[in-house]
Amino acid sequence: MSFVEDSLSANASHHMFKAVVSHAYAYGFIYPSSAIYEGLQATYDYGPYGTALKRNVQEFWWKSMTQLQENIVGIDAAIMMHPTTWKASGHLDGFTDPMVDNKDSQKRYRVDWLIEAHAAQLVSQGQPTQAKKLLEAMGNYLALGDLAGIDALMQEFAIVCPLAKTANWTAVRQFNLMFATQVGAQEDATTLYLRPETAQGIFVNFLNVQKSARMQIPFGIAQIGKAFRNEIVARQFIFRMREFEQMEMQFFVPPGTEQTWFDYWQARRKVWYNVLGISDDKLRFHPHQQLAHYATAAVDIEYAFPFGSKEVEGIHSRTDFDLRNHAHYARKKIEYFDPELNKSYIPYVIETSVGLDRLILMLLSNAFTQEKETTDGCKARTYLKFPPPLAPIKAAVLPLVKKDGLETKALKLWNHLKCDFAVGYEATQSIGRRYTRQDLIGTPYCITVDYQTLEDDTVTIRARDSREQHRMDAAAVADFLHNKTSIKSLLLQL
Ligand code: GAP
């Protein structure tokens, strides 16, 4: 699939991806936002199981980045920040995408995506030299901010709209991706911006945290929160949204040591993905060519989604760009006195920044499993093979039938477990159907209370992945679930 089809068609064509999206919708993971009003483009709501999955991922990230680290602490900064923040951070001037509209189709495109797609087409038509010339010219014009040059390039290469097939373009313009809002009474209202990254809440609190929590460099500050971007081209379900959630960590280091820490965090983050069950063949560490305005080096961690290998996390070397600019605009000294070096300096920053929603899409894609009927009589099925500690429901307690005291016994077990685990309870329909329903939402274990339970207080435990069952004392179930499904079991592997 070409880059432009990938970006423009919202990828309806990919069968596997379509199946994941429909599954997420049908089984309570993710819904289009305001669906009763036909939805709102590029915004989504999480349903009961999606919310639980998201909380589990957050917990794993938060604990691995703060609780397990002696030198990283967490904060929770406001979404709305002083407007000068965005002048200092460079977002007001530099956080833009070059866009162009086709007057016939009325569609707006990111111009670099259009040009890259055209270059890919030239390569497939056996014209790699032309493609190289096009890409190099684009790179030069964008670096110079020469939008008229881009206009001319589009004409020269006769780049047409994928829908209208015409070259009836407006001039290329830069669109800022920040959402602006007015705060206060109309006559003296102030323009604020919804934060496009959570990182700035960390930078403006650098001294607060360093002093109040008595942190010594190297140290980190972590945060989970919403970020907002006026993405023009909505793509690929929750991959590119206008309101999304980031989990970011800024690690402050002495200048000159940034390469060591840049390498260190790449290695740490790789292990984190492996522990989540993402194998190396689905992960790619992709060094950035086009750097964000604040970065001197960057690596994207990409996952092999059904629609291609795409970024889920960025690791950036941000130098002292942010702290230095905040110091300048706030007219405050933002420095750290290093007792070991016996001098003050503005620390350098290595950032790990992951999109929580992209992680959810990665986990759904990775977990989505379709099994054919087997020769030994197992029926075909679809299930979600989440790592058990991330599963929305850890186990379902199921009385075999709703009579003869089995229900009372099962409810007793459910009540015993529910304060410690997210456990479901289901008593209606056949046991086979109930197993199927739990498979569809990725519940790793089903605990069945049957007639033998009345005699010897044992239950059966059915494993989602193997469909195998074994008997166990009901009294041992809590320990079993703890060993198999706690976030701790993941943390121990880091
Ligand atoms: N503080 C650095 C920063 O914001 P970024 O590469 O622009 O860097 C970091 O974003 C991560 O945030 C990305 O790797 C991605 O996972 C997520 N992200 C960015 N834009 C997004 C969007 N429109 N929808 C969903 N996730 C997004």
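## Exercises on a ligand shell and its strands

Ile-315 stands opposite Thr-352 in β16, and this pairing, taken from a predicted model, is the starting point for the exercises below.

**Exercise 1.** Determine which residue of β10 and which of β13 stand opposite Thr-352, and in what sense the strands pair with β16.

*Solution.* Begin with β13 (308–319), where Ile-315 is the residue that stands opposite Thr-352 of β16. The strands β13 and β16 run antiparallel and are joined by six bridges. Turn next to β10 (243–253), from which Met-249 stands opposite Thr-352. The pairing of β10 with β16 is also in the antiparallel sense, here over eight bridges.

**Exercise 2.** Decide how many residues of β16 are buried, and work out which of them point the same way as Thr-352.

*Solution.* Eight of the eight residues in β16 are buried, so that the strand is mostly covered, where buried means under 20% relative accessible area. Then sort the side chains by direction: Tyr-348, Ile-350, Thr-352 and Val-354 point one way, while Val-349, Glu-351, Ser-353 and Gly-355 point the other way, and all are buried.

**Exercise 3.** Find the partner with which the side chain of His-316 makes a polar contact, and explain why His-316 counts as buried.

*Solution.* His-316 is found in strand β13. Its side chain makes a polar contact of 2.5 Å with the side chain of Glu-351. His-316 counts as buried because its relative accessibility is 10%, and the cut-off for buried is under 20%.

**Exercise 4.** Describe the shell around the ligand, giving the number of residues, their chemical character and the strand that gives the most to it.

*Solution.* First count the shell: 20 residues surround the ligand, and the closest are Glu-197, Met-241, Glu-248, Glu-311 and Val-312. Next divide these residues by character, which gives five nonpolar, five polar and 10 charged. Then look at individual atoms: a side-chain N or O atom of Glu-197 is 2.5 Å from a nitrogen atom of the ligand, a side-chain N or O atom of Glu-311 is 2.6 Å from an oxygen atom of the ligand, and a polar side-chain atom of Gln-246 lies 3.0 Å from an oxygen atom of the ligand. On its own the ligand has 550 Å² of accessible area, of which the protein covers 93%. Finally, assign the residues to elements: β10 (243–253), β13 (308–319) and β16 (348–355) are the elements that give two or more residues to the shell, and β13 gives the most, with six.

**Exercise 5.** Compare Lys-165 and Asp-404 in backbone angle, position and exposure.

*Solution.* Lys-165 is not a glycine, yet its phi is positive, near 60°, and the residue lies in the loop between α8 (147–156) and β6 (173–176). Asp-404, likewise not a glycine, has a positive phi of about 55°, and its place is in the loop between β19 (395–399) and α14 (406–417). For exposure, Lys-165 has a relative accessible area of 58% and is therefore exposed, whereas Asp-404, with a relative accessible area of 48%, is partly exposed.

**Exercise 6.** Locate the cis peptide bond between Ile-217 and Pro-218 in the secondary structure.

*Solution.* The bond from Ile-217 to Pro-218 has an omega near 5°, and it is cis. Pro-218 lies in the loop between α10 (206–212) and β9 (219–228).

Notes. Residues numbered from 1 in each chain as written. Predicted model: local features only at pLDDT ≥ 70, side-chain atom pairs only at ≥ 80, totals over all residues. Heavy atoms only, no water. Near = heavy atom within 4 Å. Polar contact = N/O pair within 3.5 Å; in protein donor to acceptor, adjacent residues only side chain to side chain. Areas by Shrake-Rupley, 256 points an atom, 1.4 Å probe, with all protein chains shown as cover. Helix = DSSP H or I, 4+ residues; strand = E, 2+ residues; numbered from the N terminus. Nonpolar A, V, L, I, M, F, W, Y, C, P; charged D, E, K, R; others polar. Buried < 20%, exposed > 50% of the residue type's maximum accessible area, 1.4 Å probe, protein only. Pairing = 2+ DSSP bridges.
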